[in-house]
Amino acid sequence: MSDREEIFSKVKESLVEALSVDDDEVTTGASLTRDLGAESIDFLDIVFRLEKSFGIKIPRGDLFPENLLTNPEFVQDGKFTAAGLGELKRRMPFADLSKFEQNPAVGAFGDIFTVGMIVGYIESRVRTN
Amino acid sequence: MRWFWIDRVTRLERGKRARAVKNVTLAEEHLHDHFPGYPIMPQSLMIEGMAQTGGILAGSVVDFKENIILAKVSRATFYRQVYPGDQMVFEAELVESRSEGHRTETRITVDGELVAESSMMFVNLNSGAGQGVFVFTEALMQLLRECPGFEANGSTSGGQDG
């Protein structure tokens, strides 16, 4: 099993437990909120489980950034500004933002948070450790 | 009626574990409706007792100065029924804790026999925005002051089993 497969498998296990979803629902492209039904408290639940599973500390806001949507410099008229997109890229180098950039509406923000994004985050953390 | 589903906190080790008891009595109105002729303690209220025990434990981390509320019951399993005359012992352990929230694992026993287990999550609500402290009210703090070893400043040092 490659490193990525192993990480995916452990991430999947955490998500199945935290969100009470079936194994086969947890695909790389699945959105945590839209496809897997995650609510705000579930994000902390997921962080707790990932920390335990991978033996790492995940600082607040590191995996799921906070205070972006309420900042008028980053979000105007329901869309991310260029500065907002820049901030997203800076804070989430592990996320695939290519699709979101085409139409960076606040309503689509949740779609960035996919299973694959978590796998990417863990990969970046495991590499630097 | 006050919304207390534990009678007494009998042990509190700050940020580690808490123990509370509840005596189930036929004087409780709800038992006569649940069910007529067959009074058993509702599991939903046992959940509330576990949440109160766990919430106090989580509150001890911040010396009861922030509002801490139940956010998620990740798992709850019940093994047997609880009847009038039973004393439920709640034992909660803080298994995860950080500034945003906490996770507790709690079990209920009656006469040493396992009745229920749960895993719960709590979040800290900022006490700003004029909300004040509405969770750890004077009535609740009074309950805590009756716990052996509880110190008035909230820096609990652990108590005796009782």
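Read from the N terminus, chain B lays out its elements in the order β-β-α-α-β-β-β-β-α. That comes to 3 helices and 6 strands for chain B. The model is a predicted one, and that is worth keeping in mind for everything below.

How much of chain B is buried? Of its 162 residues, 36% fall in that class. As for how the chain folds back on itself, take the contacts in chain B between residues at least 6 apart in sequence: 67% of them join residues at least 24 apart.

Next comes the place where the two chains meet. Chain B brings 10 residues to the contact, and chain A brings 5 residues. On the chain B side, three strands each supply at least two residues: β3 (67-78), β5 (101-110) and β6 (113-125). Which of these gives the largest share? That is β3(B), with 3 residues. Sorted by class, the side of chain B that touches chain A holds 4 charged residues, along with 3 polar and 3 nonpolar ones.

A few spots in the backbone also deserve a look. Most residues other than glycine have a negative phi, and most peptide bonds are trans. Against that background, one peptide bond in chain B stands out: the link from B:His34 to B:Phe35 is cis, its omega being near 5°. Where does B:Phe35 sit? It is part of the loop that runs between α1 (30-33) and α2 (43-61) of chain B.

Chain A has its own backbone oddities, and these concern phi. A:Ser20 is not a glycine, yet its phi is positive, near 50°. This serine lies in the loop between α1 (3-19) and α2 (40-54) of chain A. Is A:Ser20 buried or exposed? With 12 other C-beta atoms within 10 Å, A:Ser20 is exposed, because the cut-off for that class is 12 or fewer.

A:Asp77 tells a similar story, again with a positive phi of about 50° in a residue that is not a glycine. The loop in question here is the one between β1 (75-76) and β2 (79-80) of chain A. A:Asp77 has 7 C-beta neighbours inside 10 Å, so it counts as exposed too.

Put side by side, the backbone features come down to a cis bond leading into B:Phe35 and positive phi values at A:Ser20 and A:Asp77. Each of these three residues belongs to a loop: B:Phe35 between two helices of chain B, A:Ser20 between two helices of chain A, and A:Asp77 between two strands of chain A.

Methods
Residues numbered from 1 in each chain as written. Chains lettered and ligands numbered in written order. Predicted model: local features only at pLDDT ≥ 70, side-chain atom pairs only at ≥ 80, totals over all residues. Contact = placed C-beta atoms within 7 Å. Helix = DSSP H or I, 4+ residues; strand = E, 2+ residues; numbered from the N terminus. Nonpolar A, V, L, I, M, F, W, Y, C, P; charged D, E, K, R; others polar. Buried ≥ 20, exposed ≤ 12 C-beta atoms within 10 Å, placed from the backbone.
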